[in-house]
Amino acid sequence: MMSGVGGCNEDGAEVDLDTTKRELFDHLTNRKPEALNAVLPVLNAHPSDAALLLMAVTAALLDELPQPALRYLNRFTKRFVPFAVEHQLLRAIALAQQGMWKQAAQIVRHQGAHALYNSIQHVPCGWALLSWYRDWLRQIERAEQRRTAPVLKPVKSPRPVGRQPMADRGGLAH
């Protein structure tokens, strides 16, 4: 059960922010529904907390709500310097969730898939949600491969060169 935002749990006992963050971490890690709704009250109480902003982004993405994810990601990037390219990883997933596969693939190409995979360690629940992040990156890469794959035209049989027998021209053969 989640702790109260006001610093007290249901019994009225004091709960510190670190305990609340651990509970949110468990909520996200276990991919419980309504992840963003669990994070928002705590984020509203601590709006400039970097970890909570990234938890809100992650929660929105888990709930497949890319618009709020991008909004919280923009708040994060305006206030904080990312450790690596984790913000680009989150942005690529949000764009993919919006169906903007080409733009998501551009981020993957520009940043490099390896750098994005490595940045998973810097997002909340990164290792716990490793397969979820990797699955999104693979989907983006596959969508780009399908988009850029050459379209093969049907192969026509070559026309015979020279004279054709009369039977092939619709005439009678002698």
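**Asking why, helix by helix**

User: Where do arginine 147 and glutamate 144 lie, and how many residues apart are they?
Analyst: Both lie in helix α8, three residues apart, which is about one turn of the helix. Helices here are DSSP runs (H or I, at least four residues; strands are E, at least two), numbered from the N terminus. This is a predicted model, where local features need pLDDT of at least 70, side-chain atom pairs count only at pLDDT 80 or more, and totals for chains, interfaces and linings use all residues. Residues are numbered from 1 along each chain as its sequence is written, and side-chain values use heavy atoms, leaving out hydrogens and water.

User: What makes arginine 147 and glutamate 144 a salt bridge?
Analyst: The rule wants a side-chain nitrogen of Lys or Arg within 4 Å of a carboxyl oxygen of Asp or Glu. Their N to O distance is 3.1 Å, so the pair passes. Arg109 joins in too, as salt bridges with shared partners link Arg109, Glu144 and Arg147 into one network.

User: Is glutamate 144 buried or exposed, and how do you know?
Analyst: Buried means under 20% relative accessible area, exposed over 50%, and partly exposed in between (1.4 Å probe, protein chains only). Glutamate 144 has 14%, so it's buried. Arginine 147, at 44%, therefore counts as partly exposed.

User: Which salt bridge links distant parts of the chain?
Analyst: That's aspartate 49, in the loop between α2 and α3, with lysine 21 in helix α1, 28 residues apart. The N to O distance is 2.8 Å. Aspartate 49 has a relative accessible area of 16% and lysine 21 has 17%, so both are buried.

User: Why is the pair of tryptophan 132 and tryptophan 136 called edge-to-face?
Analyst: Rings of Phe, Tyr and Trp (its six-membered ring) pair if their centres lie within 6.5 Å; planes under 30 degrees apart are stacked, over 60 edge-to-face, and the rest tilted. This pair has 6.5 Å centre to centre and 70° between the planes, so edge-to-face fits. Both tryptophans are buried, and they belong to one aromatic cluster with Trp101 and Tyr133.

User: What makes arginine 71 sit over the ring of tyrosine 72?
Analyst: The rule asks for NZ of Lys or CZ of Arg within 6 Å of the ring centre and within 35 degrees of the ring normal. The charged end of arginine 71 is 5.5 Å from the centre of tyrosine 72's ring and counts as sitting over it.
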